[in-house]
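Trainee: I'd like to learn how to read a few features off a model. Can we go through them together?
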Amino acid sequence: MIDSAVRRRRSALFIFFLIPGLSISSWVTRTPDVRDRLDASTSEMGLILFGLSVGSMLGVLASGPLVSRFGPRPVIGAGTTLIVLSMLLIGTGTAATSAPAVTVGLFLFGAGMGGGEVAVNVDGAEVEHLTRRTVLPVLHGFFSLGTVIGACVGIICTAVAVPVLWHLAAVALTSVALFAHAYRAIPTADAKTRGTAEHTENTEERQRPTVWKDRRLLLIGGIVLTMALAEGAANDWLPLLMVDGHDMNPALGSAVYAGFAAAMAIGRFGGGLVIDRFGRAVVVRASALSAALGLAIVIFADAPVLAGAAVFLWGLGASLGFPLALSAASDSGPHSTARVSLVATIGYVAFLVGPPGLGFLGDHYGLRTAMIVVLVLVAVAIFLAPAVNTRHATLTHPVPKQQPEPADEPRRRPQR
């Protein structure tokens with residue numbers, strides 16, 4: 001039986017993944033309206049989105065030390081607070097036609113989401129240890145569920161021309177209510193949170209050279225980079241891709257993004273059964289094929305209906321690549337936290353360079369043509385798939401006795 005306090009804690013963590021999913025899809029569905037209100041070109045929108053990427057990277061890099069020092073609870077609280085403030089600032093900046101304000105708002109959102117999600121993953125690993133049940137995959141599923149809900153609301157707001165400020169202010173108010181309900185269920189913790197002991201300075205210095213020299217781990221990092229780009233490209237550009245590339249109206253473009261978010265949710269909630277049955281390498285290869293096929297149809301098909309339907313294949317293929325590769329990284333050898341951190345950082349490079357890079361290409365050649373870069377990189381993941389078969393490697397390269405890693409130590413698996 002699960003203790004009632006632990007059950008409430010687990011439910012609270014689901015909410016703290018739901019909030020960023022709800023918020024990011026609310027922003028994404030309104031990008032055509034924001035672009036028109038700011039009168040921004042495609043390359044200028046890429047620079048605006050760069051604020052989100054930089055904030056996400058800094059949030060992820062800062063979260064580990066902050067969790068080690070203060071525990072997950074205050075970092076979760078600070079991250080969620082930044083997300084709420086970002087919605088208000090993005091909405092206000094749009095109403096005032098201020099591109100810098102929107103950029104700063106996206107920076108705050110990225111910092112809050114990047115830092116907060118790492119902390120939620122740390123606390124989720126502790127709950128997983130306490131309950132002896134799988135928790136982390138479902139956490140990521142709730143993020144995707146939040147994107148579906150936010151996208152559906154965004155479609156309605158776009159269709160009836162609700163001002164962006166009112167829409168995002170309502171999202172911020174909803175997030176505040178959810179935050180107030182869930183935060184009290186997260187217990188205060190000693191600074192030395194379970195699983196963070198590996199982050200001491202001396203240990204990190206010993207681990208880093210070994211991790212960087214692991215060829216298999218770098219191949220896993222390549223998979224994360226390509227699949228993160230496939231996911232990030234849709235989160236940043238899909239509504240505009242449908243509007244500008246396939247002449248859809250903004251409401252229909254938002255509906256296509258909702259389909260992408262739904263495909264991501266389906267893949268993440270149901271992916272565990274498929275992975276257990278067929279193995280990681282098969283699932284990565286099938287995911288990359290699905291994403292590549294969906295992208296190819298969106299890029300080269302001139303029929304808007306066909307392109308919109310193909311987005312489901314794109315989303316389904318992108319859903320498992322990032323979390324599955326992180327799981328493989330944690331099993332690829334000793335010092336799992338350092339391995340996951342390295343691979344996650346490689347993945348976030350895609351979120352950092354993707355938005356402005358695709359924006360500049362889209363400004364010169366069109367967004368459909370720019371997505372060919374994403375298609376080529378996703379196709380590379382098909383050939384890198386065998387690298388995620390790490391369980392055998394772990395068994396044949398046991399952890400040295402002088403530096404044992406307890407079997408029941410929870411592993412942190414931060415999200416995209």
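Mentor: Sure, let's start with salt bridges: a salt bridge is a side-chain nitrogen of Lys or Arg within 4 Å of a carboxyl oxygen of Asp or Glu. Keep in mind that this is a predicted model, where local features need pLDDT of at least 70, side-chain atom pairs count only at pLDDT 80 or more, and totals for chains, interfaces and linings use all residues. Residues are numbered from 1 along each chain as its sequence is written, and side-chain values use heavy atoms, with hydrogens and water left out.

Trainee: How many salt bridges does that rule give?

Mentor: Side chains of opposite charge can pair when their charged atoms come close. Here the count is five salt bridges.

Trainee: Which residues are linked in a network of salt bridges?

Mentor: Arg 35, Asp 36 and Asp 244 form that network. Between Arg 35 and Asp 36 the closest N and O atoms are 2.8 Å apart, and between Arg 35 and Asp 244 they are 3.1 Å apart. Arg 35 sits in helix α2 (residues 31-38) and Asp 244 in helix α9, so this pair ties together parts 209 residues apart in sequence. Helices here are DSSP runs (H or I, at least four residues), numbered from the N terminus.

Trainee: Is Arg 35 buried or exposed?

Mentor: Buried means under 20% relative accessible area, exposed over 50%, and partly exposed in between, using a 1.4 Å probe and protein chains only. Arg 35 is buried because its relative accessible area is 12%. Asp 36, at 49%, counts as partly exposed, and so does Asp 244, at 39%.

Trainee: What does Arg 268 pair with?

Mentor: Arg 268 meets Glu 231 in a salt bridge, 3.4 Å from N to O. That one links helix α10 (residues 250-278), home of Arg 268, to helix α9, where Glu 231 lies 37 residues away. Arg 268 is buried at 5%, and Glu 231 is buried at 1%.

Trainee: Which residues have the most contacts inside the largest nonpolar core?

Mentor: A nonpolar core is a set of buried Ala, Val, Leu, Ile, Met, Phe, Trp, Tyr and Cys residues joined through side-chain atoms within 4.5 Å. The largest one has 106 residues, and Phe 16, Trp 27, Leu 238, Trp 314, Met 371 and Val 374 have the most contacts inside it. Helix α9 (residues 215-246) gives the most to this core, 15 residues.

Trainee: And how many disulfides turn up?

Mentor: A disulfide is a pair of cysteine sulfur atoms within 2.5 Å. A search of the whole structure finds zero.

Definitions and conventions. Helices (H or I, at least four residues) and strands (E, at least two) are DSSP runs, numbered from the N terminus.
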